[in-house]
Amino acid sequence: MAFSAFFGDQEHKFKLTAPLIRELEKQCGPIGALCNRVFSRNFAQADLNETIRLALVGGDTAPKRAAELIAVYVEGRPLIETYELASKILERTLFGNPSKGNDK
């Protein structure tokens with residue numbers, strides 16, 4: 001389930017597709033365990049960074065640009081800023097958009 005949010009320098013689209021979820025799992029372990037860690041605030045910084053980076057790629061940001069955005073706007077920033085975005089990405093991936101139904 002894609003959504004847009006302001007991140008770093010402008011509005012960006014975020015989406016985790018099935019292939020990107022598999023890539024995220026290679027980096028951070030099973031998606032269910034990752035979600036449990038993030039939702040319970042028992043996460044590693046890599047959990048947040050990789051979730052955001054891969055969701056940017058899924059939202060049609062070039063992979064190199066996504067890595068640059070992470071380097072500039074995630075690394076060195078307060079974790080709560082990136083936590084909120086990563087948790088929203090994972091929430092949408094798991095549950096869809098509850099206000100619009102899961103088919104949109």
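Is Glu23 buried, partly exposed or exposed? In this predicted model, Glu23 counts as partly exposed, because its relative accessibility is 27%.

## Salt bridges on and between helices

Glu23 is the partner of Lys26 in a salt bridge whose closest N and O atoms are 4.0 Å apart. Both residues belong to helix α1, where they are three residues apart, about one turn of the helix. An α-helix has 3.6 residues a turn, so residues three or four places apart point the same way. Lys26 itself is exposed, with a relative accessible area of 66%, whereas Glu23 is partly exposed. This pair is one of eight salt bridges that the structure holds.

Another salt bridge joins Asp47 to Arg37, with 2.9 Å between the closest N and O atoms. Asp47 lies in helix α3 and Arg37 in helix α2 (residues 31-39), so this pair ties together parts that are ten residues apart in sequence. Asp47 is buried, at a relative accessible area of 4%, while Arg37 is partly exposed at 22%. Arg77 and Glu81 also form a salt bridge, their closest N and O atoms being 2.8 Å apart; Arg77 is partly exposed at 40% relative accessibility, and Glu81 is likewise partly exposed, with a relative accessible area of 37%. Elsewhere, salt bridges link Asp9, Arg65 and Glu68 in a network.

## A buried arginine without a salt bridge

Side chains of opposite charge can pair when their charged atoms come close. Arg92, in helix α5 (residues 79-95), is buried and yet has no salt bridge, the nearest side chain of opposite charge being that of Glu91, 5.2 Å away. A salt bridge requires the nitrogen and oxygen to lie within 4 Å, so a separation of 5.2 Å does not qualify. When residues up to four places away in sequence are set aside, Arg92 touches Met1, Ala2, Phe3 and Asn97.

## The aromatic cluster and Leu85

The structure holds four aromatic pairs. In one of them, Phe7 and Phe14 meet edge-to-face, with 6.1 Å from centre to centre and 80° between the planes. The rings of Phe7 and Tyr73 have their centres 6.2 Å apart and their planes at 65°, so this pair too is edge-to-face. Because Phe7 lies in strand β1 (residues 3-7) and Tyr73 in helix α4 (residues 63-73), the pair ties together parts that are 66 residues apart in sequence. Phe7 is buried, with a relative accessible area of 6%, as is Phe14, at 1%, whereas Tyr73 is partly exposed at 29%. Together with Phe3, these three residues form one aromatic cluster.

Leu85, found in helix α5, counts as buried because its relative accessibility is 11%. Leaving aside neighbours within four places in sequence, Leu85 is in contact with Phe3, Ala5, Phe7, Phe14 and Ile52. Leu85 and Ala5 are 80 residues apart in sequence, but their C-alpha atoms are 8.4 Å apart in space.

## The two sides of helix α4

Within α4, Ala66, Leu69 and Ile70 are buried. Seen down the helix axis, the buried residues of α4 fall within an arc of 100°, so they line one face of the helix. These buried residues pack against β1, β2 and α3 (45-58). On the other side of α4, Lys64 and Val72 are exposed.

## Cysteines and a loop residue

A disulfide is a covalent bond between the sulfur atoms of two cysteines. The count of disulfides here comes to zero. Cys28 is in no disulfide, since the nearest cysteine sulfur, that of Cys35, is 11 Å away, too far for a bond. Both side chains are nevertheless in buried residues: Cys28 has a relative accessibility of 9%, and Cys35 has a relative accessible area of 1%.

Thr17 is found in the loop between β2 (10-14) and α1 (18-28), and it counts as partly exposed at 26% relative accessibility. Thr17 and Gly58 are 41 residues apart in sequence, while the distance between them in space is 6.2 Å, C-alpha to C-alpha.

Note on methods:
Residues are numbered from 1 along each chain as its sequence is written. This is a predicted model: local features need pLDDT of at least 70, side-chain atom pairs count only at pLDDT 80 or more; totals for chains, interfaces and linings use all residues. Side-chain values use heavy atoms; hydrogens and water are left out. Helices (H or I, at least four residues) and strands (E, at least two) are DSSP runs, numbered from the N terminus. Buried means under 20% relative accessible area, exposed over 50%, partly exposed in between (1.4 Å probe, protein chains only). Lys and Arg count as positive and Asp and Glu as negative; His and the chain ends are not counted. Contact means heavy atoms within 4.5 Å. Rings of Phe, Tyr and Trp (its six-membered ring) pair if their centres lie within 6.5 Å; planes under 30 degrees apart count as stacked, over 60 as edge-to-face and the rest as tilted. A disulfide is a pair of cysteine sulfur atoms within 2.5 Å. The arc is that of the directions from the helix axis to the C-beta atoms.
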